[in-house]
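Thanks, everyone. I will go through one structure, starting with the overall picture and then moving to individual residues.

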Protein chains: 4
Amino acid sequence: MLTLDHHPSGRHFLQIPGPSPVPDRILRAMSLPTIDHRGPEFGALGLKVLAGLKQVFQTQHPVAIYPASGTGAWEAALANTMSPGDTLLMVETGHFATLWQKMALRLGLAPEFLTLPGTCPETGLPLAWRHGVNAELIAERLRKDSAHRIKAVCVVHNETSTGATSDITAVRRAIDDAKHPALLMVDTISGLASAEYRHDTWGVDVGISGSQKGLMLPPGISFNALSPKALAVSKTATLPRSFWAWDEIVEMNRSGYWPYTPNTNLLYGLHESLEMLLAQGLDSVFARHRRWGEGARAAVRAWGLPIQCADAAVYSPVLTGVVTPAGVDADSLRQLIHQRFDLSLGTGLGRIKGRMFRIGHLGDCNDLTLLAALAGVEMGLKLGGVALAGSGVQAAMDFFASHPAPQSLQAAA
Amino acid sequence: MLTLDHHPSGRHFLQIPGPSPVPDRILRAMSLPTIDHRGPEFGALGLKVLAGLKQVFQTQHPVAIYPASGTGAWEAALANTMSPGDTLLMVETGHFATLWQKMALRLGLAPEFLTLPGTCPETGLPLAWRHGVNAELIAERLRKDSAHRIKAVCVVHNETSTGATSDITAVRRAIDDAKHPALLMVDTISGLASAEYRHDTWGVDVGISGSQKGLMLPPGISFNALSPKALAVSKTATLPRSFWAWDEIVEMNRSGYWPYTPNTNLLYGLHESLEMLLAQGLDSVFARHRRWGEGARAAVRAWGLPIQCADAAVYSPVLTGVVTPAGVDADSLRQLIHQRFDLSLGTGLGRIKGRMFRIGHLGDCNDLTLLAALAGVEMGLKLGGVALAGSGVQAAMDFFASHPAPQSLQAAA
Amino acid sequence: MLTLDHHPSGRHFLQIPGPSPVPDRILRAMSLPTIDHRGPEFGALGLKVLAGLKQVFQTQHPVAIYPASGTGAWEAALANTMSPGDTLLMVETGHFATLWQKMALRLGLAPEFLTLPGTCPETGLPLAWRHGVNAELIAERLRKDSAHRIKAVCVVHNETSTGATSDITAVRRAIDDAKHPALLMVDTISGLASAEYRHDTWGVDVGISGSQKGLMLPPGISFNALSPKALAVSKTATLPRSFWAWDEIVEMNRSGYWPYTPNTNLLYGLHESLEMLLAQGLDSVFARHRRWGEGARAAVRAWGLPIQCADAAVYSPVLTGVVTPAGVDADSLRQLIHQRFDLSLGTGLGRIKGRMFRIGHLGDCNDLTLLAALAGVEMGLKLGGVALAGSGVQAAMDFFASHPAPQSLQAAA
Amino acid sequence: MLTLDHHPSGRHFLQIPGPSPVPDRILRAMSLPTIDHRGPEFGALGLKVLAGLKQVFQTQHPVAIYPASGTGAWEAALANTMSPGDTLLMVETGHFATLWQKMALRLGLAPEFLTLPGTCPETGLPLAWRHGVNAELIAERLRKDSAHRIKAVCVVHNETSTGATSDITAVRRAIDDAKHPALLMVDTISGLASAEYRHDTWGVDVGISGSQKGLMLPPGISFNALSPKALAVSKTATLPRSFWAWDEIVEMNRSGYWPYTPNTNLLYGLHESLEMLLAQGLDSVFARHRRWGEGARAAVRAWGLPIQCADAAVYSPVLTGVVTPAGVDADSLRQLIHQRFDLSLGTGLGRIKGRMFRIGHLGDCNDLTLLAALAGVEMGLKLGGVALAGSGVQAAMDFFASHPAPQSLQAAA
């Protein structure tokens, strides 16, 4: 039989920034019997989840659902809109922005990778990995591109590796101000349904997301929210594509079906997720995550450790990165905490590996769950020999006690 | 659809002293299809759970399983061994001891109810509700009963309403020293599989237990562990009985079946529970609960509040009762904590209602779960206006960090 | 890990007359986390299931829910209304009527057991076991009881061991015509929510039922539907009782709680069951079972075998008993069918053991499931050497094809 | 709440040739909590499923698992081995072979599509859709390709749209006899774990499969079983690829992890599936499906209808296609059967749409389930006005009764 936790008692605390803890309601829905993907019940399900997804993306336009995990949705966005050798403007905000750029290279595209140069004196970490996108850098680059060789600007909305968000409206303005025809493609894999995202209002052309973050589902399905412009561009783009091709998906989706076998049981979960999110209201969902982020940061500040994101204006509501003191290996700490306290934290990735860890505050979470995670971190930091300025748990308790959630997030009477 | 938590996000913290949090493995087993209770698969299941239960009760003799919750097992113990008007010796250790005595009255028996008189000067609470059974009082009473009118001594092993255990071996000695033939009947509903219990070695005649505590199951099945003497007595006892009658159950159980429809899906859960407990080893199970008890009491002491159980020798490893300051209604506190922090605590019962609450540390629990509960309590106490001497959460973190669980309770590599 | 079917592939066909196949929706609800039985969510659940149960029993008066299987509800009915030595009038309609009478004896009551004497020439089986209650026999006996020594008339509504129902309104008339004050107690354990049952209209005083039949739940909870007269009688009846006592249950139920720990997770299942039954409408539920009964009997007739119930006016809509030819052991047949075709059938019980088997058509069933069961029976009969007059499967297919279910029982468009 | 079956009672019969009915054990495993895909428990899971998959593919070489449905695995096979404009030899055996060829076109490749010309006089259906691959046609074509422009031969092992398998060893011989270096790529999406497939012995270079057929999982993960030659070829092939690229997957899989987020909860299901299949033994699994195929064909023959596959040597053990009489729309029949009998059958696809339907006999199935499906079909055919030569259900019952499954497929004692 399958054993998924080597600890002898209790429930694992999964406080990584995705896959997020999945509500039981969703797990149970996913265990319903698989049905015929060409039968009448399936069409009804398909139409319902497609309509709900549009509400969550805040769009009137089609959203393609892939039976593939999030990396696939990155590839789909590029494969549908680009032709071999096309130039892209990408921005280094952390590990996932870097991976997406590597994918563009692999697909035979020519990404330019803008970055904020230099390292932070306090931590020795790359500055680019402690901030969101600098829209001015983009504006500057686009102004120089009078030939319009740049086909798309690609940015990450919520950089899961650092806990910095990016101001997408500023990026949109930069493109518009430069009167540049480039598409705006946004990775909101870990942003959607946790951090505010408004596809149509913000003028995003391709919004990319996945199931295992704010939607509180296991990984395995992913999304491309489209704009009419993106759809138009896809008609002439020539990168080879079949599985990812929007045309057949958008066409078949009109009746609630897919051109090939969809990921049925994850769609069951998506149905529940959408019902839960929309019943609560997106603004309440965003407020919930913001509040947890504030509580987590209160703890990190009390410990006297740097928050990975150095810009208070773009703190992520989804996760908080914690920089460990020089000489303290963050991964050894994580391992100790996992073994002793049955708590999973996110590892430092790429250029900041070993120097930080990440606390997720998304998915099926509440104040006490987050406090438990902070307690595990605090005990682990002490056991790992980190001198703390004070008790982060105490600070977070003070925050949560004195800042009750708004009425909409409290228990119904 | 069924909604079991009115809070909008996250998993409820159930830290009452039972029903305890049920491991997912058990809940999933309980959702397997119901089978024919007269078919071959059922017989195999029946034999397996009966054998496992004997190991958990530490007995060689039959254990009757009732498709009824724990109160039924109290009635079964009395109905099988007593005749109308029989005298019983019972001991007031708290609410459940009191309820059992009321049941004896309702069944037409004549319970004598021994108690430790007086109230505690510090808290104003009845002394009897802050201690376990005083075996000397029993010894004294039995010595006077030269006519052997007392047919049974009935004690509660782990008094769920107070968090005090009782020394069952001392009670056994008291009976033996008095050379008294009374049966020894022990309610170990909340003790079994959490606190040490040794049916045969301790010389218990009827051990009464239920599913929803240390066995980590939902309520709905309960047990009578028997001694040969109890079985012999039942042959002549004349209280009317049918559903509870041991004779047919013990007879049918030889082949793994029951005289009437058993509680099939709870037996599935029992199967998993027994596999989990016996794989871990009973001594490890007991050690796990003792360690949590120590952590919880460290917190209560740091807050500067009295622990309901006033005798350190008999602190319960299953739950910790916390006495609130005079003037602070414990139930209003509990309600506030439930609403704000999605945490359920046990209410004060009977003579101590409103003056204390109970923190359960049993079932599917671990250090972080308990710390989360203590954080909820600490925030709630402050919000409720209770002046605390210090941080209980800090004290419990210090305890857990400096007292790692023994190897057998840590994660397998 | 738990193995509940020793066959290597496929889903078991459970076609016994209870426990009935449980819908997945109910099994999933039962696997939700156990909650605090004294918390606010529980009270809401309690009130909802109590209200729904009244609708299913078709009563305005209290229904007591026991965390115990059906046999317990028999005992509850007697313990609450009878005094030691009281006389009861019971009627032999089969095995369960007999067991109930044995229980009355065990509880120290004095049941008179009316029976239809003689054996059936065709099958050699007792005539009483091939018919429902003969109300005239009851009327006759009551008329003789001018001293009103008979305290209750106890009948089985749907005799699960034979597949004969009884006309409860005729029994009621017999009592009324005799102007006799006896209570009318009806075991509708396997009738409720499958066969029509109208507690108030029919004038039943105690209606007894269980979870594992028409309510489509696993066994483990059971019911007493009460009349004001039954409640009044219980105030003076003197059989000892505590667990079964109506008074505290009825009192506590007003707020949705119970005097002792209820069977929480089965109540989750009950919640779903009631939602499903009431959404479909009781009349549709009754029609569905009647139709299956007709299909099953068409098959038995085509085989040329006797139906256990010899009176077409009282054929059970819940199960069909099939009499095997003399010399063919019905249990060996059942065993062969179970091993070869993964199908469970009901055994012959008591006086008809080995001479018949039972096909259940209740619970999570549909036309194809029943046809599959009939196919398993037909193959088994042939393999067991029974000469058949024709194909029962063919007859049942003809019936189902030519008698579509009413619109309310077909798939929603 | 999610409603997946619009019928009011009973369990849906899913007898399409995939997604196959998923065993409860697998559905329950899939509902376990999602874990950290970078934690220690995940690595252990990864290694275990990768090892088990090799056993099922019967290969010593790597198997890539994609978090994508089966169509993705087709694309992966092409994207890793082909360069733009490459020539492929594909064979028209039905709808899925046709779709794969269309995908090759979309990806900018140059597939040649071999076919068996002509239509069948009996049914008017294309001959190519009633047979498996004709290896001689392949041999002939390869002999002409002295320049070795053909880079791969692509065939479908079990054509899900027709119920004809293909002799893969004959195709291998054709390539070898022609001393041709083309890769052999085999779609065994609906063959693997139902029909015999031996990757290494048969000399397949890329074996493509999916989760939702013989592996009895929901759709959403798919596989490429590789040969050393295929891995070597992939190093120089130049189709752009990133998500599908074997190199990083094979590298990361050595430690049980994946380069991007895997489909965690479907991997839980895969773990159970592999345990079930390997415990039973692959030969037993193949025998089980063959036996069901024989039963299903006995029914079709008794009805007097043509079996879609016209070559008895390559009847599929996974599904049986049934040709309807001219003038009878197979899809209207399917719709009638779905509405009346809660049974899903496979639709006719592509060139045979409306002229046939398909009965799946795979996944969580047994004799009675298949008989139920045949009963639904038989009633539907009659209601749809099709004159039948005889009872298919009777024929299948006769077959199953007289051909017991081998001991290994019967219930354990």
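In chain A, 70% of the 413 residues are buried. Before going further, note that this is a predicted model.

Staying with chain A, the secondary structure comes to 14 helices and 13 strands. Along the principal axes, the C-alpha atoms of this chain fill a box of roughly 60 × 55 × 40 Å. Why call chain A a compact globule by its radius of gyration? A compact globule of 413 residues would have a radius of gyration near 22 Å, and chain A agrees with that because its value is 21 Å.

On contacts, take the pairs in chain A with a separation of 6 or more: 73% of them join residues 24 or more positions apart. The exposed area of chain A is about 12,300 Å², and carbon and sulfur atoms supply 54% of that. For charges, chain A has 35 positive and 35 negative side chains. The centres of those two sets lie 2 Å apart.

Now to single residues, beginning with a histidine in chain A. His199(A) sits in helix α7, which covers residues 199-202. Is His199(A) buried or exposed? Its relative accessible area is 0%, so His199(A) is buried; the cut-off for buried is under 20%.

What does the side chain of His199(A) pair with? There is a polar contact with the side chain of Tyr197(A), at 2.8 Å. The side chain of His199(A) also reaches the backbone oxygen of Ala225(A), at 3.5 Å. If we leave aside neighbours within four places in sequence, the contacts of His199(A) include Phe57(A), Gln58(A) and Thr59(A). Also among them are Val204(A), Asp205(A), Val206(A) and Gly207(A). Ala225(A) is in that list too, along with Leu226(A) and Ser227(A).

Next, a phenylalanine in chain D. Phe286(D) lies in helix α11, residues 282-303. Its relative accessibility is 4%, so Phe286(D) counts as buried. Outside its neighbours within four places in sequence, Phe286(D) is in contact with Gln58(D), Ala193(D), Ser194(D), Ala195(D), Glu196(D) and Tyr197(D). For a distance from the same residue, take Asp367(D): it is 81 residues from Phe286(D) along the chain, and their C-alpha atoms are separated by 15 Å.

Moving to chain B, there are two loop residues to go through. Gln212(B) is in the loop between β9 (206-210) and β10 (222-226). With a relative accessible area of 3%, Gln212(B) is buried. Which residues does Gln212(B) contact, leaving aside its neighbours within four places in sequence? Within chain B, they are Gly18(B), Pro19(B), Ser20(B), Leu217(B), Pro218(B) and Pro219(B). The list also has a residue of chain C, Thr261(C).

The other one is Arg355(B), in the loop between β12 (343-347) and β13 (356-360). This residue has 22% relative accessibility, so Arg355(B) counts as partly exposed. Not counting residues up to four places away in sequence, Arg355(B) touches Thr123(B) and Leu125(B), and also Val322(B), Val323(B), Thr324(B), Pro325(B), Ala326(B) and Ala330(B). Arg355(B) is 162 residues from Ala193(B) in sequence, and the C-alpha to C-alpha distance is 29 Å.

The last part is about backbone geometry. Lys179(B) has phi near 50°, which is a positive value in a residue other than glycine. Where is Lys179(B)? It is in the loop between α6 (168-177) and β8 (183-187) of chain B. Lys179(B) has 70% relative accessibility and therefore counts as exposed.

In chain D, Lys179(D) has phi near 45°, again a positive value in a residue other than glycine. The loop that holds Lys179(D) runs between α6 (168-177) and β8 (183-187) of chain D. At 69% relative accessibility, Lys179(D) counts as exposed.

Then the cis peptide bonds. In chain C, the bond from Gly18(C) to Pro19(C) is cis, with omega near -5°. Pro19(C) is in the loop between β1 (13-15) and α1 (24-30) of that chain. In chain D, a cis peptide bond joins Gly18(D) and Pro19(D), with omega about -10°. Pro19(D) lies in the loop between β1 (13-15) and α1 (24-30) of chain D.

That is what I have. I will take questions now.

Definitions and conventions
Residues are numbered from 1 along each chain as its sequence is written. Chains are lettered from A and ligands numbered from 1 in the order in which they are written. This is a predicted model: local features need pLDDT of at least 70, side-chain atom pairs count only at pLDDT 80 or more; totals for chains, interfaces and linings use all residues. Side-chain values use heavy atoms; hydrogens and water are left out. Helices (H or I, at least four residues) and strands (E, at least two) are DSSP runs, numbered from the N terminus. The radius of gyration is taken over C-alpha atoms; the globule rule is 2.2 Å times the number of residues to the power 0.38. Buried means under 20% relative accessible area, exposed over 50%, partly exposed in between (1.4 Å probe, protein chains only). Contact means heavy atoms within 4.5 Å. Accessible areas come from the Shrake-Rupley method with a 1.4 Å probe; for residues, only the protein chains shown count as cover. Lys and Arg count as positive and Asp and Glu as negative; His and the chain ends are not counted. The place of a charge is taken as NZ of Lys, CZ of Arg, CG of Asp or CD of Glu. A polar contact is a pair of N or O atoms within 3.5 Å; within protein, one must be able to donate a hydrogen and the other to accept it, and residues adjacent in sequence count only if both atoms are side-chain atoms.
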